Amino acid sequence: MPAPAPLFACLESLTRLHGRACDPVDLCAGLPREDGDISPEVFIRAAARAGLVCRLHPLPADVADPTLLPAVWLGRNGEAGLLLGCDP
């Protein structure tokens with residue numbers, strides 16, 4: 001079985017972390033996809049379907065504000081990951 005697309009995997013983990021476990025495929029139904037994954041803008045719309053509020057904050061990872069965590073980190077080459085904490 002292939003690994004899930006990065007933002008799909010983050011969406012699934014984030015909903016589970018907030019006690020709103022949902023199938024990301026269901027949350028993204030009818031929304032546009034790019035190469036099997038979703039864009040950051042579509043991620044926000046899908047997260048809203050799970051009752052989560054998300055915003056884009058283009059900051060380097062070393063400037064992460066702990067009050068904004070958990071956060072989804074977006075890499076330049078399509079990578080994504082869930083940032084749960086940071087060192088002050």
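Okay, quick one before coffee. When I say that something covers a residue, I'm talking about contact, and contact means heavy atoms within 4.5 Å. Keep that in mind for helix H3. And a caveat up front: this is a predicted model.

So, the overview. The protein has 88 residues, and 26% of them count as buried. Its secondary structure comes to three helices and two strands, and if you read along the sequence you get α-α-α-β-β. As for contacts with a separation of 6 or more, 45% of those in the protein are between residues 24 or more positions apart.

Now to H3, which runs over residues 40-49. Which of its residues are buried? They're Val 42, Phe 43, Ala 46 and Ala 47. Look down the axis of H3 and those buried residues fall within an arc of 140°, so they line one face of the helix. And what covers them? The list includes helix H1, residues 6-17, helix H2, residues 24-27, and strand S1, residues 71-74. After H3 comes Gly 51, with a positive phi, near 85°.

Let's stay with H1 for a moment, and how it sits against H3. The two axes come within 11 Å and cross at roughly 25°. We call anything under 35 degrees roughly parallel, so H1 is roughly parallel to H3. The crossing of H1 past H3 is right-handed. In terms of side by side partners, H1 brings Leu 7, Cys 10, Leu 11 and Leu 14, and they meet Pro 40, Phe 43, Ala 46 and Ala 47 of H3. Phe 43, Ala 46 and Ala 47 should sound familiar, since they're among the buried residues of H3.

Next, the loop between H2 and H3, where you'll find Ser 39. Is Ser 39 buried or exposed? Its relative accessible area is 9%, and the cut-off for buried is under 20%, so Ser 39 counts as buried. Setting aside its neighbours within four places in sequence, Ser 39 is in contact with Leu 7 and Glu 34. Leu 7 is one of the H1 residues I listed at the meeting with H3.

Last bit, cysteines. How many disulfides does the structure hold? Zero. Take Cys 10, which we just saw in H1: its relative accessibility is 4%, so Cys 10 counts as buried. Cys 22 comes in at 27%, so that one counts as partly exposed.

That's what I had. Questions?

Technical notes: Residues are numbered from 1 along each chain as its sequence is written. This is a predicted model: local features need pLDDT of at least 70, side-chain atom pairs count only at pLDDT 80 or more; totals for chains, interfaces and linings use all residues. Side-chain values use heavy atoms; hydrogens and water are left out. Buried means under 20% relative accessible area, exposed over 50%, partly exposed in between (1.4 Å probe, protein chains only). Helices (H or I, at least four residues) and strands (E, at least two) are DSSP runs, numbered from the N terminus. The arc is that of the directions from the helix axis to the C-beta atoms. A disulfide is a pair of cysteine sulfur atoms within 2.5 Å. Axes are lines fitted to C-alpha atoms, for helices over the stretch in contact, and angles run from 0 to 180 degrees between N-to-C directions. Angles under 35 degrees count as roughly parallel, over 145 as roughly antiparallel, 65 to 115 as roughly perpendicular and the rest as oblique. A crossing is left-handed if the near helix is turned anticlockwise from the far one by less than a right angle, and right-handed if clockwise.
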